[in-house]
Each structure stands twice: as structure tokens, then as C-alpha cells.
Amino acid sequence: MKVALIGVTGRVGSRLTTELLRRGHTVTGIARDVSKMEAKPGLRLEAADVNQGKTLAPLLSGHDAVISASRFVSTNPAQVISAVKKAGVPRLLVVGGAGSLEVAPGKMLVDTPEFPEAYKPEAFGGIEYLKALRSEKTLDWTFLSPSAEFEPGERTGTYRIGGDGLLIDDKGRSWISMEDYVIVLIDELENPKHSRQRFTVGY
């Protein structure tokens, strides 16, 4: 598949690139500054502002899907959604956040006392992105939320899939490595099972 990856230089974006190339897909990597990345076979790099829809759309044209892995605090979801639709790309997959996952009916993780204050702007940005997707009438989208702890780690290939609720293991921990997360997102790209849905992954 031809995949446009917004936020290619980030921690998740770089891991998505590695996994996509490993599976034989071709990638157009997009970020404001791509100078620190090296082009590889199957990877083309383009510098662009994700919030400038008019310049972003032409870079997305001709792809089978777009993956958005940029930070929510610096991303206008309306601009991304508009650019994807204008480019005629049928699918948008979003690297989501955990803050919007429910810990009880109607109660999100971001609303718990333990949620770090420093992470709230990014969490609320993710919530707004998800709202924008859920109000979208035509685009085929998927929003994959990680677990509460989301850091670089091992590629185990073993995990659980959930819906809107936060996944917690038998020791009370909610976590997933970025390496396993990207497996699940690209599996979804290749074999869609959560069209127009949010889902989550955790151990």
C-alpha cells in the first residue's frame, strides 16, 4: 500500500515507518522538519505544516491511506480531515491518546485525580480530535488509543484489544510498548476491523 504518514519524525511515527517498510509498504513521511531523517528505499520525505490544508492535501493525493501520528497540541484535526478528503484518500488512521478512554461509564481517564496535569493539554487535544472524527459523515477513519503507559519497549507481539474502556492487566497496570502498538495499527491498516471506530490496545 501507499501510505502517507504525518508526524514521521516522532517516537511513534519513526516506529510506524520501520514497521510499514518492513511489511513492504511505501511511505511518504511528512513533518515540519524532516532534515534529521534519512530517506530509505520505499520512504520519501516531505516537509509540510500539518495545519496548512492547502499544502498538505497535494502531498496526500494518490495514497491508499493516511496515518496521523502528530501531537494533538500542535494539530488542527479539521485541517487534517479536510486535507485527507480533498486529496481523495479513502482512509485516515490516527495515533490516539489514552486520556479519552473510560475508567467507568461516562468517566474518562483524564478526569481522574491521578492524571498528570502536564499531560492534560495533549489529552484534551486528543478528545477534540476524536470528537471531530465521530462527527465526520463520509471519511473512513480509525482512532487507536494506547494504554495509559505508552513508551518505547519490546516488540512482543502479545497484547489485548479493547474498545472505549481502559485496559488494565492483572497487576493493575495499564501499558503498551510503542513497538507492539504499531503492530496493531498497521494490522488495522491492512485488515480493517474498526472502521469509523475508536479502539485500544494493552497488555
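**Close-up views of a predicted model**

**View 1. The open sheet of the predicted model.** Eight strands make up an open sheet with mixed pairing, and their order is 3-2-1-4-5-8-12-10. Strand 3 (43-47) and strand 10 (160-162) are the edge strands, each paired on one side only. On average, neighbouring strands of this sheet are turned by 20 degrees against each other, direction ignored.

**View 2. Strand 2 beside strand 3.** Strand 2 covers residues 26-31 and runs parallel to strand 3, with five bridges joining the two. One residue pair to look for is I30 and E46: E46, in strand 3, is the bridge partner of I30. Strand 3 is also an edge strand of the sheet.

**View 3. Helix 1 and helix 3 against the strands.** Helix 1 (residues 11-22) lies across strand 1 (2-6), strand 2, strand 3, strand 4 (65-68) and strand 5 (91-95). Its direction is at about 170 degrees to strand 1. Helix 3, made of residues 77-87, lies across strand 1, strand 4 and strand 5. The angle between helix 3 and strand 5 is about 150 degrees.

**View 4. The largest pocket.** This pocket has a volume of about 1,200 Å³. Its lining consists of 45 residues, and R11, R71, G96, E122 and F150 are the ones nearest the pocket centre. Elements that each supply at least two lining residues include helix 1, strand 2, helix 4 (120-134) and strand 9 (149-151). By residue class, the lining of the largest pocket holds 25 nonpolar, 11 polar and nine charged residues.

**View 5. The second largest pocket.** The space in this pocket is about 150 Å³. The residues lining the second largest pocket are E149, F150, E151, P152, G153, E154, T156, R173, W175, I176, S177 and Y203. At least two of the lining residues come from strand 9, and at least two from strand 11 (175-177). The lining of the second largest pocket divides into five nonpolar, three polar and four charged residues. F150 belongs to this lining and is also among the residues nearest the centre of the largest pocket.

**View 6. The span annotated in UniProt, residues 7-186.** An unreviewed UniProt entry gives these residues the annotation "domain: NAD(P)-binding". In the model, the end C-alpha atoms of residues 7-186 lie 15 Å apart. Helix accounts for 31% of the span and strand for 22%.

Terms used: Residues are numbered from 1 along each chain as its sequence is written. This is a predicted model: local features need pLDDT of at least 70, side-chain atom pairs count only at pLDDT 80 or more; totals for chains, interfaces and linings use all residues. Side-chain values use heavy atoms; hydrogens and water are left out. Two strands pair if DSSP finds at least two bridges between them. Helices (H or I, at least four residues) and strands (E, at least two) are DSSP runs, numbered from the N terminus. Axes are lines fitted to C-alpha atoms, for helices over the stretch in contact, and angles run from 0 to 180 degrees between N-to-C directions. Contact means heavy atoms within 4.5 Å. On a 1 Å grid over the protein atoms alone, a cavity is a set of points where a 1.4 Å probe fits but cannot get out, and a pocket is an open set with protein on both sides within 12 Å along at least five of seven lines; lining residues have an atom within 4 Å of a point. Grid points are joined across faces, edges and corners, and a volume is the space filled by probe spheres set on the points. Ala, Val, Leu, Ile, Met, Phe, Trp, Tyr, Cys and Pro count as nonpolar, Asp, Glu, Lys and Arg as charged, and the others, Gly among them, as polar. UniProt positions are given in the numbering used here, feature names are shortened, and annotations may be inferred rather than shown by experiment.
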